[in-house]
Amino acid sequence: MNKSVDIDVKLLLTELKAGSLPAFNQIYLFYSPALYAHLLKFLKSPELVEEVLQEVFVKIWNLRAEIEPDRGFKTFLYRISSNLAINVIKKINRDKALQAEVWASSISYYFHSEEKLLDKERLEIIDRAIATLTPKRREILHFCKVEGRSYKEVADLLGISVSTVSNQLVNAIHDIRCFIVKNYSEEYLVGVFLLLAIQF
């Protein structure tokens, strides 16, 4: 950050501390892109990151009286975000259904990511894992996670219930995970999905 930006941020923080909503909005616009990228490195799920990001700035608003404009706001902001991310990780580790959701979200994220985060070999591993699925599970995974269709849309398209779509998707994610756990080392598995927070 250059000096003029530093001065602007300090002014905004002073106004935020005094309860200015416009200043809060400007702080959000200034810090949220970098914070989003930071959280995505750990959570790997855009949906979870959006939730945590929202919670971070709710906390910032609620704790605005504690802000010291001249000292370490960025550290304060990242400490809050890290603590909230850790809480999410702990919740994921306790909740098997949520683990499956995160895996599903991560697969979808990598299908659609413009960044080439996975090399060819790792993409081939995911392809091989998907190829082991039953045709029905593979089809449902494709509709839900590649095409981004809702469970209801997929259910109507395939003539099955929404709960069947949900169950088949959960099982598909479970099968992919089991295939990679069985055939590759845990360290390599983490390299494939970059899900450092999930306990395998």
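Buried means under 20% relative accessible area, exposed means over 50%, and partly exposed lies in between. These words recur in the legends below. The model shown is predicted.

**View 1. Lysine 136 and glutamate 139 form a salt bridge in helix α7.** Lysine 136 is partly exposed, because its relative accessible area is 36%. Glutamate 139 is also partly exposed, at 31%. The closest N and O atoms of the pair are 3.8 Å apart. How far apart are the two residues in the helix? They are three residues apart, so about one helical turn separates them. An α-helix has 3.6 residues a turn, so residues three or four places apart point the same way.

**View 2. Arginine 137 and aspartate 175 meet in a salt bridge.** Their side chains come to 2.6 Å, N to O. This pair links distant parts of the chain. Arginine 137 sits in helix α7, while aspartate 175 sits in helix α9, which covers residues 162-183. Along the chain they are 38 residues apart. Is arginine 137 buried or exposed? Arginine 137 counts as buried, because its relative accessibility is 19% and the cut-off for buried is under 20%. Aspartate 175 has a relative accessible area of 24%, so it is partly exposed.

**View 3. Helix α7 covers residues 135-146.** Does its length agree or disagree with what its residues predict? The helix has 12 residues, and at 1.5 Å a residue these should span 16 Å. The end C-alpha atoms are 15 Å apart, which agrees. The buried residues of α7 are Arg137, Ile140, Leu141, Phe143, Cys144 and Lys145. Glycine 148 follows the helix. The phi of glycine 148 is positive, near 75°.

**View 4. Lysine 152 and aspartate 156 form a salt bridge in helix α8.** Their closest N and O atoms are 2.8 Å apart. Helix α8 runs over residues 151-158. Within this helix the two residues are four places apart, about one turn. Which exposure class does each partner fall in? Lysine 152 is partly exposed, because its relative accessibility is 49%. Aspartate 156 reaches 52%, so it counts as exposed.

**View 5. Four glutamates form a negative surface patch.** The members are Glu47, Glu50, Glu51 and Glu55. Where does glutamate 50 lie? Glutamate 50 belongs to helix α3, which covers residues 46-62. Its relative accessible area is 44%, so glutamate 50 is partly exposed.

**View 6. Serine 163 lies in helix α9.** Serine 163 is partly exposed, because its relative accessible area is 45%. Tyrosine 151 is 12 residues away along the chain. The C-alpha atoms of serine 163 and tyrosine 151 are separated by 8.3 Å.

**View 7. The protein chain has 10 helices and zero strands.** From the N terminus on, its elements run α-α-α-α-α-α-α-α-α-α. The chain has 200 residues, and 40% of them count as buried. How many salt bridges does a search of the whole structure find? The search finds four. Among them are the pair of lysine 136 with glutamate 139, the pair of arginine 137 with aspartate 175, and the pair of lysine 152 with aspartate 156.

Methods: Residues numbered from 1 in each chain as written. Predicted model: local features only at pLDDT ≥ 70, side-chain atom pairs only at ≥ 80, totals over all residues. Heavy atoms only, no water. Patch = residues over 30% accessible without salt bridge, like charges linked within 9 Å, V, L, I, M, F, W, Y side chains within 5 Å. Areas by Shrake-Rupley, 256 points an atom, 1.4 Å probe, with all protein chains shown as cover. Lys, Arg positive; Asp, Glu negative; His and termini not counted. Charge placed at Lys NZ, Arg CZ, Asp CG, Glu CD. Buried < 20%, exposed > 50% of the residue type's maximum accessible area, 1.4 Å probe, protein only. Expected span 1.5 Å × (residues − 1).
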